[in-house]
Each structure stands twice: as structure tokens, then as C-alpha cells.
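Colleague: Could you take a close look at one part of this model for me, the salt bridges, and then tell me how the rest fits around them? Take your time and walk me through it in one go.

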Amino acid sequence: MRMFAVLFVTVVLAWSVLPAAAADDSKVNAATRQVESGAKKIGKGKIGEGVEETAKGIGNTAVEGAKFTGEKLRESGQAAEPQAKSAWSNARDGAIAFGYSVKNFFQRLFTN
């Protein structure tokens, strides 16, 4: 039962990084293979070696997944940057136009 629980946790953790594997095949796949290898050793009765390798694999998978997520967040921030500048310039242009309309309103009010 304990071996099944360890194997189940290993599979769940390995499955949770599959989207990251498509973008960074070499590092994330290597970490996932390390988890799988450790789980297989546990299944073959080499519990000490298997647990150690599985734990290292989970750690490596978490590190590589975090790196991948950071890269994707940085990329998405850079992609959104031109839109943010555009939104700021639209807000600035709107404020300037509002200022001119207020100025024109008072000029017309006091010139007639």
C-alpha cells in the first residue's frame, strides 16, 4: 500500500509538469525521467535508491518548472508592454483633449 502511494504521488507530480515539458524538453524531460526511474526502482524492491532518486527528480522537476514559468511570465510581460504603452498614451491623449475642451468652453463663455 505504501509503495502504491509513493508511486501515485510520483505520477501526479510528473504529470503536473507535462505542459512545461513541451517548451523545454531537455531539462524537464530529464527530471521527469529521473522521477520515473526512481519509481521503477521502488517497484523492483530497491526502496532506498528509488526514494532518493525520486526525491531528487521531484526537486529537479520543481526547479525546472519554476524556471520555465518565470521565462513564460517574462515573455508575456514583454508581449503586453506595447499594449500598456498604448493604453497609457490613449489615457494621456484623452486627458489632454479634455483639458482643451474645458479651456475652449471657458474661452467661449467669456468671449461672448
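Modeller: Let's start inside helix α4, where Glu 64 and Lys 67 sit three residues apart, about one turn of the helix. Their side chains meet in a salt bridge, at 3.6 Å from N to O. Keep in mind that this is a predicted model, and that the distances come from its coordinates. The two partners don't fall in one burial class: Glu 64 counts as buried at 13% relative accessibility, while Lys 67 is partly exposed, with a relative accessible area of 44%. The cut-off for buried is under 20%, so Glu 64 with its 13% goes into that class.

That bridge is one of five in the structure. Another joins Glu 53 to Lys 41, and here the closest N and O atoms are 2.8 Å apart. This pair links distant parts of the chain, as Glu 53 belongs to helix α4 (residues 47–111) and Lys 41 to helix α3 (residues 25–43), with their positions 12 residues apart. How buried or exposed are the two ends? Glu 53 is buried, at a relative accessible area of 18%, and Lys 41 is partly exposed, at 25%. The 20% limit for buried falls between those two values, so the partners get separate labels. Glu 53 and Lys 41 aren't on their own, either: together with Glu 49 they are linked in a network of salt bridges.

Further along the chain, the side chains of Asp 93 and Arg 92 also meet in a salt bridge, at 3.5 Å from N to O. Both ends count as partly exposed here, Asp 93 at 40% relative accessibility and Arg 92 with a relative accessible area of 39%.

Now for the nonpolar side of things. Phe 98, Val 102, Phe 105, Phe 106, Leu 109 and Phe 110 make a nonpolar surface patch of about 660 Å². Phe 98 is found in helix α4, and with a relative accessible area of 58% it counts as exposed. Because residues need over 30% relative accessible area to join a patch, Phe 98 clears that bar with its 58%.

Two other members of the patch, Phe 105 and Phe 106, are worth a look as a couple. A search of the whole structure turns up one aromatic pair, and it is formed by Phe 105 and Phe 106: edge-to-face, 5.2 Å centre to centre, with 75 degrees between the planes. Edge-to-face needs over 60 degrees, so the 75 degrees here settles the label. Phe 105 is partly exposed at 48%, and Phe 106 is partly exposed too, at 42%.

Stepping back to the whole chain, you have four helices and zero strands, running α-α-α-α from the N terminus on. Of the 112 residues, 19% count as buried, and Glu 53 and Glu 64 are among those. The chain exposes about 8300 Å², with carbon and sulfur atoms supplying 65% of that area. As for how the chain meets itself, take the contacts with a separation of 6 or more: residues 24 or more positions apart account for 47% of them.

Terms used
Residues numbered from 1 in each chain as written. Predicted model: local features only at pLDDT ≥ 70, side-chain atom pairs only at ≥ 80, totals over all residues. Heavy atoms only, no water. Phe/Tyr/Trp six-rings, centres within 6.5 Å; stacked < 30°, edge-to-face > 60°. Buried < 20%, exposed > 50% of the residue type's maximum accessible area, 1.4 Å probe, protein only. Helix = DSSP H or I, 4+ residues; strand = E, 2+ residues; numbered from the N terminus. Contact = heavy atoms within 4.5 Å. Areas by Shrake-Rupley, 256 points an atom, 1.4 Å probe, with all protein chains shown as cover. Salt bridge = Lys/Arg side-chain N within 4 Å of Asp/Glu carboxyl O. Patch = residues over 30% accessible without salt bridge, like charges linked within 9 Å, V, L, I, M, F, W, Y side chains within 5 Å.
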